[in-house]
Amino acid sequence: MKILGVETSCDETAVAVVENGRKVLSNIVVSQISEHNKYGGVVPEIASRRHTEWIGIAAKNALSEAGIKLEDIDAVAVTYAPGLIGALLIGVGFAKGLCYSLKKSLVPVHHLEGHIASLYISYPDLTPPFTVLVASGGHSHLIEVKDYTKFKTIGRAVDDAAGEAFDKVARKLGLGYPGGPAIARMASYGNPKGYELPNPKTKEPLDVSFSGLKTAVINIVNSAQMKGQQINVEDLAASFQDRVCDMLSSRLVESVKKSGLPIAVCGGVAANKVLKTKTEMIAAKEGIEVYFADRELCGDNAAMIASAGYYNYLNGVRGGLDLNAYATREIEEDSF
Ligand code: KG4
Ligand code: ZN
């Protein structure tokens, strides 16, 4: 079964074709990063306009790269939530139009379901149950994947998401957008013990908080500027990255100490090498299996949406022409 996936929740216009949930036939991602870069973050209005311009071209390319015609697809899966509302609506409208004209099924996909499905493409033998950390620009969710379409959130960021903290700190350090790769690059030249940073606690043990850590970095920069002192950007980036990765990996391993389930990491921040090394090290000590999504599938893409769409389709999930987009929505809230 071939599913066309459509993803427009943020600043990537993406269309892909995936066969039976795991085999990627094409995966087109048109990134708008270079355009948003100059504003230091994603400008929603620009994102929506670019999605409108690129979605048709991305779809044509996805079909031709997969070597199939529009009529050969069995269903269209689309991210309907969460994300930038204007951006999501472009993808949802496009998918609805395709399904209406082709008389094919429309399958709504929650963006986090999509990130989780990137693991099924990365590891063809991986099956639920497992516990996953979805760490992206908007989320730092710990989720129990009970089955392909059954989820339970057991921890989250109470303030800034991990990727958001990377982006904000990078901006303060003058490293540009997106902040994660920029900080990782700078940190590779720095000493992770160069600056002592706080380890903010949360009420719930599996939640995580990055806002205090981010503020600590901002205060270091402001206070150095006021005193006319230099900061060591490499050391500060390395210390910040180290602390974020410690917080994420320790919570992830902690969450499965009782269940012994395998752990997995996906989303943009999963591309971080320090996070991978730290998680693998502490998981190995506990004898826990670890799966990190393939690097090229960590960022937003439509192959992961088509993969999640396949499992939703098998579970009878369908969207009507009245399908709406939602800026915020929990992964458990799917009720199609
Ligand atoms: O999953 P994603 O592409 O989009 C969202 O759904 O948000 O994640 C983007 C986020 C950005 O905040 C970016 O700074 C972060 O992922 N990111 C990283 C790395 N690469 C991307 N964070 C840390 N280390 C990286 N290597
Ligand atoms: Zn994402």
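**Figure 1. Salt bridge between Glu-280 and Lys-276 in the predicted model.** Glu-280 and Lys-276 form a salt bridge in which the closest N and O atoms are 3.9 Å apart; the structure shown is a predicted model. The two residues lie 4 residues apart in helix α9 (residues 273-286), which means that about one helical turn separates them. Glu-280 is partly exposed, its relative accessible area being 37%. Lys-276 is likewise classed as partly exposed, at 34%.

**Figure 2. Salt bridge between Asp-160 and Lys-214.** The closest N and O atoms of Asp-160 and Lys-214 are 2.7 Å apart in this salt bridge. The pair links distant parts of the chain, 54 residues apart: Asp-160 belongs to the loop between β8 (150-155) and α5 (162-172), and Lys-214 to helix α7 (residues 211-227). Asp-160 and Lys-214 are both buried.

**Figure 3. Salt bridge between Lys-146 and Glu-144.** The side chains of Lys-146 and Glu-144 form a salt bridge with an N to O distance of 3.3 Å. Lys-146 has a relative accessibility of 40% and is therefore counted as partly exposed. The model contains 16 salt bridges.

**Figure 4. Coordination of the zinc ion (ligand 2).** His-111 (NE2), His-115 (NE2) and Asp-300 (OD) coordinate the zinc ion (ligand 2) at 2.0 to 2.1 Å. The donor residues follow the sequence spacing H-x3-H-x184-D. Two of the donor residues, His-115 and Asp-300, link distant parts of the chain, 185 residues apart: His-115 is in helix α4 (residues 111-122), whereas Asp-300 is in the loop between β10 (290-292) and α10 (303-314). The site has 4 donor atoms with angles of 95 to 140° among them, and its geometry is irregular. Because a tetrahedral site of four donors requires all angles to lie between 85 and 135 degrees, the range of 95 to 140° does not meet that criterion. His-115 is buried, at 1% relative accessibility. Asp-300 is also buried, with a relative accessible area of 16%.

**Figure 5. The largest nonpolar core and the contacts of Phe-130.** The largest nonpolar core comprises 75 residues, of which Ile-116, Leu-119, Phe-130, Val-132, Phe-210 and Phe-240 touch the most other members. Helix α8 (residues 233-255) makes the greatest contribution to this core, with 10 residues. The core lies between domain 1 (2-118 + 297-333) and domain 2 (128-295), because both domains give residues to it. With neighbours within four places in sequence set aside, Phe-130 is in contact with Ile-116, Leu-119, Tyr-120, Ile-143, Glu-144, Val-145, Leu-261, Pro-262 and Ala-264. Another core, of 27 residues, lies apart from the largest nonpolar core and includes Ile-28, Ala-59, Ile-73 and Tyr-80.

**Figure 6. Contact between the two domains.** The domain assignment divides the chain into domain 1 (2-118 + 297-333) and domain 2 (128-295). Their C-alpha centres lie 26 Å apart. Domain 1 supplies 23 residues to the contact, and domain 2 supplies 26 residues.

**Figure 7. Surroundings of Leu-4.** Leu-4 is located in strand β1 (residues 2-7). This residue is buried, with a relative accessible area of 1%. With neighbours within four places in sequence left aside, the contacts of Leu-4 are Val-15, Ala-16, Val-17, Leu-63, Ile-73, Ala-75, Val-76, Ala-77, Leu-98 and Ala-306. The C-alpha atoms of Leu-4 and Val-107 are 9.9 Å apart in space, while the two residues are 103 residues apart in sequence.

**Figure 8. Cis peptide bonds preceding Pro-82 and Pro-178.** Ala-81 and Pro-82 are joined by a cis peptide bond, with omega about -15°. Pro-82 is in the loop between β4 (75-81) and α3 (85-102). Between Tyr-177 and Pro-178 the peptide bond is also cis, with omega near -5°. Pro-178 occupies the loop between α5 and α6 (179-187).

**Figure 9. Positive phi at Asn-20 and Lys-103.** Most residues other than glycine have a negative phi. Asn-20, which is not a glycine, has a positive phi of about 50°. Asn-20 is in the loop between β2 (12-19) and β3 (23-31) and is partly exposed, with a relative accessible area of 37%. Lys-103, also not a glycine, has a positive phi of about 60°. Lys-103 is in the loop between α3 and β5 (105-110) and counts as exposed, at 74% relative accessibility.

How values were computed: Residues numbered from 1 in each chain as written. Chains lettered and ligands numbered in written order. Predicted model: local features only at pLDDT ≥ 70, side-chain atom pairs only at ≥ 80, totals over all residues. Heavy atoms only, no water. Donors = N, O, S within 2.8 Å, 3.2 Å for Na, K, Ca; no water. Tetrahedral: all angles 85-135°; square planar, octahedral: opposite > 155°, others 65-115°. Buried < 20%, exposed > 50% of the residue type's maximum accessible area, 1.4 Å probe, protein only. Core = buried A, V, L, I, M, F, W, Y, C linked by side-chain atoms within 4.5 Å. Domains from an automatic or database assignment. Contact = heavy atoms within 4.5 Å. Salt bridge = Lys/Arg side-chain N within 4 Å of Asp/Glu carboxyl O.
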